[in-house]
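Morning, everyone. I will go through one protein model today, starting with the surface and ending at a single lysine. Please have a look at it first.

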Amino acid sequence: MGCCDVLMKAILIITNVVVMVAGAVLLVAGGIFFAKKFDFFPTLEDYSTNVNSVLIPMMVIGAVLFIVGVIGCCGAVTGKSGLLNVYFIIVLVVVILEIVVIVLGVVKKGDFVDATDEAATELFTKYKDAYVAKTEGADITEAEALAVNSGQYLFECCGLTVGPSYWGVAAGKVPPGCCDTWEGTDMDEKFVTCATDKTYQDGCTEKIKSVADEFGTVIIIVVVVIVVFEIICLAAACYSKKNDLVA
């Protein structure tokens, strides 16, 4: 076995062991949390649908990664062209999908920001109408109110635009999600007193656009690196398959 044979086999084995372990971790962790989530976090029971919508895809992705890793490892160790063919096809499909994601990420980023801005505008307007203007007929659910505050806390912003003054209430009074001391669950009061140095000052529209720009670039770079690495794996699989056929 030449140096190239050893190198290609090592690339396939190491890569697929990592993929297999990552898949197993996602599958096992997702399964445990799915079965015991309300024992660990009783407050999540009210949001079981949302939690399951995350955990189920997590377990599916974990299972797929684990299976791909096993096929890749077995193919690399045995050098069997059948296994390597299956592995090659799966990875090739993944590479194509990732390239599509990159293209869509570049082309559709503006649409994503616009859609997010539209959804945020609707929620923030409902919150303001219900709890500030107290408009007759204004209606907002507790889940929507929590979404407004969670969004502000997550993005470290306050109000849709112009910061805390967006809400137009007494100085120092803001939704709890505007405070960096909010614990993420207390929604008894829709507006609370929060010190200026503890209140987020940026508007959420500007903050979301900034985060989208930063993370969009990072995600594209990461996906490109992964695609390049996967192409190397495809080349290694082709080389190993070729050697098996020659043998």
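**Surface, cores and one lysine**

The protein has an accessible surface of about 14,500 Å², and carbon and sulfur atoms account for 70% of it; such areas come from the Shrake-Rupley method with a 1.4 Å probe, and for residues only the protein chains shown count as cover. This is a predicted model, in which local features need pLDDT of at least 70 and side-chain atom pairs count only at pLDDT 80 or more, while totals for chains, interfaces and linings use all residues. Residues are numbered from 1 along each chain as its sequence is written, and side-chain values use heavy atoms, with hydrogens and water left out.

Of the 247 residues, 30% are buried, meaning under 20% relative accessible area with a 1.4 Å probe, protein chains only.

Now the inside. A nonpolar core is a set of buried Ala, Val, Leu, Ile, Met, Phe, Trp, Tyr and Cys residues joined through side-chain atoms within 4.5 Å. The largest has 22 residues, and those touching the most other members are Phe124, Tyr127, Cys158, Trp167 and Val174. A second, separate core has 16 residues, including Val95 and Leu234.

Last, Lys207. Which residue offers a backbone oxygen to the side chain of Lys207? Phe155 does, at 3.1 Å. Lys207 is buried yet has no salt bridge, that is, no side-chain nitrogen of Lys or Arg within 4 Å of a carboxyl oxygen of Asp or Glu. The nearest side chain of opposite charge (Lys and Arg count as positive, Asp and Glu as negative; His and the chain ends are not counted) is Asp202, 4.1 Å away.

Definitions and conventions: Buried means under 20% relative accessible area, exposed over 50%, partly exposed in between (1.4 Å probe, protein chains only). A polar contact is a pair of N or O atoms within 3.5 Å; within protein, one must be able to donate a hydrogen and the other to accept it, and residues adjacent in sequence count only if both atoms are side-chain atoms.
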